[in-house]
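Q: Please take one part of this model and look at it closely. I am new to it, so tell me how that part is built and what lies around it.

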Amino acid sequence: MNEIIDLVEDFVKKEEDLYKASFSEIIKLSDLFQGEISKLDFPFHLNIIDELRANENAHSRILAKILAYKRDDNYPFLQSFLDRIEVDREITTPEITVEKYRIDILICDTDFALIIENKVNYAADQPGQLKKYYDTVTKNYHHKREQIFLLYLTRWGRRKPSDDTLPQEDRDSLGTNYKEVNFQDYIL
């Protein structure tokens, strides 16, 4: 009986190794493909969320669901996104919310908070909006200043926040914890 159990365990281990190797090859191929596509001069990239005719709130809900995907105690899409935006933080138990405190997407973990202001459909900036969100997270989650990241997410990366929503001196004081990102280069 032990022999059969050992054979089954050995078979399962080999299948897992094969699966991991195959998945690794698919990721490498995907990275290679993305590298080649980015060299082409397309006027736009296909955005499936746009094809659904989703408004900004729907964009946020879909993106939050994707980032919240968990497999084997890992968050592969969230980790990939953090790597892409160069936020070097360990993911442990993220809470990912949409429209909590009116913040489009809020990701809070033990070691960091990430505020995403989604302007993909060109919604107007509100007076003091980003500063208010930053202060809200500081107050309610007790993260230190260096643990809070603020992203201004646009469709193509051509739009900048108004000084009314987050003055330039506040952006400067946040340093690398403030980033202007876009769907074209950081999400798709």
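A: The expected span of a helix is 1.5 Å times one less than its number of residues. Keep that rule in mind, because it is the test used for the helix described here, α5. The model is predicted.

A brief overview helps. The protein has seven helices and five strands. Read from the N terminus, the elements follow the order α-α-α-α-β-β-β-α-β-α-β-α. The protein counts 188 residues, and 35% of them are buried. Take the contacts with a separation of 6 or more: 64% of them join residues 24 or more positions apart.

Now to α5 itself. This helix runs over 129-141. At 1.5 Å a residue, its 13 residues should span 18 Å. The C-alpha atoms at its ends are 18 Å apart, which agrees with the expectation.

Next, its buried side. The buried residues of α5 are Q129, L130, Y133, Y134, T136, V137 and Y141. Viewed down the helix axis, they fall within an arc of 160 degrees, so they line one face of the helix. What covers them? The cover includes the strands β1 (95-100), β2 (103-108), β3 and β4 (148-154). The helix α6 (168-174) is also part of that cover.

Two residues of β3 show this cover in detail. Begin with E117, which lies in that strand. Its relative accessibility is 2%, and it therefore counts as buried, since buried means under 20%. Leaving out residues up to four places away in sequence, E117 touches D104, Q129, L130, Y133, L151, Y152 and L153. Three of the names in that set, Q129, L130 and Y133, also appear among the buried residues of α5. Y152 is 35 residues from E117 in sequence, yet their C-alpha atoms are 5.0 Å apart in space.

The other residue is A113, also in strand β3. A113 is buried, with a relative accessible area of 0%. Setting aside neighbours within four places in sequence, A113 is in contact with I107, C108, V137, H143, Q147, I148 and F149. V137 is one of the buried residues of α5. A113 and H143 are 30 residues apart in sequence, and 7.2 Å separates their C-alpha atoms.

Now follow α5 to its end. H142 comes after the helix, with a positive phi near 60 degrees. H142 is a residue other than glycine. Its place is the loop between α5 and β4. H142 is exposed, with a relative accessible area of 65%.

Then there is a pocket. The second largest pocket has a volume of about 260 Å³. It is lined by 17 residues, and those closest to its centre are R102, D104, Q126, Q129 and Y133. α5 is among the elements that give two or more residues to the lining, along with α3 (56-67) and β3 (113-119). By type, the lining divides into four nonpolar, six polar and seven charged residues. D104, Q129 and Y133 also turn up among the contacts of E117.

α3 shares that lining, which makes it a useful helix to set beside α5. α3 has 12 residues. It reaches 16 Å from its first C-alpha to its last, close to the 16 Å expected. Its buried residues are E56, A58, H59, S60, L63, A64 and L67.

After α3 comes a loop that leads to α4 (76-84), and D72 sits in it. D72 is not a glycine, but its phi is positive, about 50 degrees. D72 is exposed, with a relative accessible area of 64%.

Finish with α4. The buried residues of α4 are L78, F81 and L82. They cover an arc of only 100 degrees around the axis, which puts them on the same side of α4. Their cover includes α3, β1, β2, β3, β4 and α7 (183-187). The strands β1, β2, β3 and β4 are also named in the cover of α5. Just after α4, E86 takes a positive phi of about 60 degrees.

Notes. Residues numbered from 1 in each chain as written. Predicted model: local features only at pLDDT ≥ 70, side-chain atom pairs only at ≥ 80, totals over all residues. Heavy atoms only, no water. 1 Å grid on protein atoms, 1.4 Å probe; cavity = no way out; pocket = protein on both sides within 12 Å on 5 of 7 lines; lining within 4 Å. Points joined across faces, edges and corners; volume = space filled by probe spheres on them. Helix = DSSP H or I, 4+ residues; strand = E, 2+ residues; numbered from the N terminus. Nonpolar A, V, L, I, M, F, W, Y, C, P; charged D, E, K, R; others polar. Buried < 20%, exposed > 50% of the residue type's maximum accessible area, 1.4 Å probe, protein only. Arc of directions from axis to C-beta. Contact = heavy atoms within 4.5 Å.
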